[in-house]
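User: I'm new to reading protein models and I'd like to learn by looking at one. Could you walk me through it, feature by feature?

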Amino acid sequence: LHDDLNADNIWNKFKEYECSTPVLGALAFWFNADEEAYHVAICLDEEFCITPDSGGSATITLDDAITQNAFVKVRRINHRTSQPKFVNLFVI
């Protein structure tokens with residue numbers, strides 16, 4: 001896998017397209033205390049997103065995902081304790 005395909009690098013590549021509210025297809029990014037993006041999801045609307053859940057960066061293969069109970073899930077955008085920032089790539 002490519003080391004540059006992480007949430008923070010994707011945020012830095014597209015942050016100029018930040019938008020204030022989620023829309024269908026927008027990316028939602030969550031940040032740590034150092035203001036580095038650590039998680040990204042795809043917005044389905046203003047309330048829900050589709051997101052990988054559990055496993056973390058150690059989940060590389062299907063076997064890893066099964067062992068770590070890691071799945072792609074539909075979740076509320078506010079399912080994490082911090083508020084995300086949004087990027088709308090459809091304005092490019």
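**Reading the model step by step**

Analyst: Let's start with one residue and its company: leaving out residues up to four places away in sequence, N88 touches Y17, C19, V23 and A26. Keep in mind that this is a predicted model.

User: Where is N88 found, and is N88 buried or exposed?

Analyst: N88 is found in the segment after strand 6. Its relative accessible area is 15%, so N88 is buried. Its side chain also has a polar atom 3.0 Å from the backbone nitrogen of F90.

User: Since the model is predicted, what pLDDT does the protein chain average?

Analyst: First the general idea: where pLDDT is low, the predicted coordinates should not be read in detail. In this case the protein chain averages 88, and 92% of the residues score at least 70. Going element by element, strand 6 has the highest mean pLDDT, at 97, while helix 2 has the lowest, at 86.

User: Okay, strands next. How do I read the two faces of strand 2?

Analyst: The general idea is that in a regular strand the side chains alternate between the two faces of the sheet. Now look at strand 2: L27, F29 and F31 are on one side, A28 and W30 on the other, and all of them are buried. That means both faces of strand 2 are covered. Counted up, five of its five residues are buried.

User: Which strands does strand 2 pair with?

Analyst: Take strand 3 to begin with: it pairs with strand 2 in the antiparallel sense over five bridges. To see one of these pairings, find F29, whose bridge partner in strand 3 is V40. Strand 2 also runs antiparallel to strand 6 (residues 85–87), and three bridges join them. There, A28 stands opposite F86.

User: What do strand 2 and strand 3 form, and how many residues are between them?

Analyst: They form a hairpin, with five residues between them. One residue in that turn is worth a look: E35, in the loop between strand 2 (27–31) and strand 3 (37–43).

User: What is the phi of E35?

Analyst: Here's the background: most residues other than glycine have a negative phi. E35 has a positive phi of about 65° although it is not a glycine. N69 is another such case, with a positive phi of about 55°. You'll find N69 in the loop between helix 2 (62–67) and strand 5 (71–76). With 47% relative accessibility, N69 counts as partly exposed.

User: Let's move on to charges. How many salt bridges does a search of the whole structure find?

Analyst: That search finds two. In one of them the side chains of E35 and K85 meet, at 3.8 Å from N to O. E35 lies in the loop between strand 2 and strand 3 and K85 in strand 6, so this pair ties together parts that are 50 residues apart in sequence. K85 counts as partly exposed, at 30% relative accessibility.

User: And which side chains meet in the salt bridge at 1.9 Å?

Analyst: Those are R76 and E47, again N to O. Because R76 lies in strand 5 and E47 in the loop between strand 3 and strand 4 (48–53), the pair ties together parts that are 29 residues apart in sequence. R76 is partly exposed, with a relative accessible area of 40%. E47 is partly exposed too, at 34%.

User: What about D8: how far away is the nearest side chain of opposite charge?

Analyst: That side chain is K15, and it is 7.7 Å away. A salt bridge needs the nitrogen and the oxygen within 4 Å. D8 is buried yet has no salt bridge. D8 lies in helix 1 (residues 7–14). Setting aside neighbours within four places in sequence, D8 is in contact with E35, E36 and A37.

User: One last thing: which residue is 23 residues from K73 in sequence but 5.6 Å away in space?

Analyst: That's I50, with the distance taken from C-alpha to C-alpha. K73 has its place in strand 5, and at 31% relative accessibility K73 counts as partly exposed. Beyond its neighbours within four places in sequence, K73 is in contact with C49, I50, T51 and D53.

Notes:
Residues are numbered from 1 along each chain as its sequence is written. This is a predicted model: local features need pLDDT of at least 70, side-chain atom pairs count only at pLDDT 80 or more; totals for chains, interfaces and linings use all residues. Side-chain values use heavy atoms; hydrogens and water are left out. Helices (H or I, at least four residues) and strands (E, at least two) are DSSP runs, numbered from the N terminus. Buried means under 20% relative accessible area, exposed over 50%, partly exposed in between (1.4 Å probe, protein chains only). Lys and Arg count as positive and Asp and Glu as negative; His and the chain ends are not counted. Contact means heavy atoms within 4.5 Å. Two strands pair if DSSP finds at least two bridges between them. A polar contact is a pair of N or O atoms within 3.5 Å; within protein, one must be able to donate a hydrogen and the other to accept it, and residues adjacent in sequence count only if both atoms are side-chain atoms. pLDDT is the predictor's confidence in each residue, from 0 to 100.
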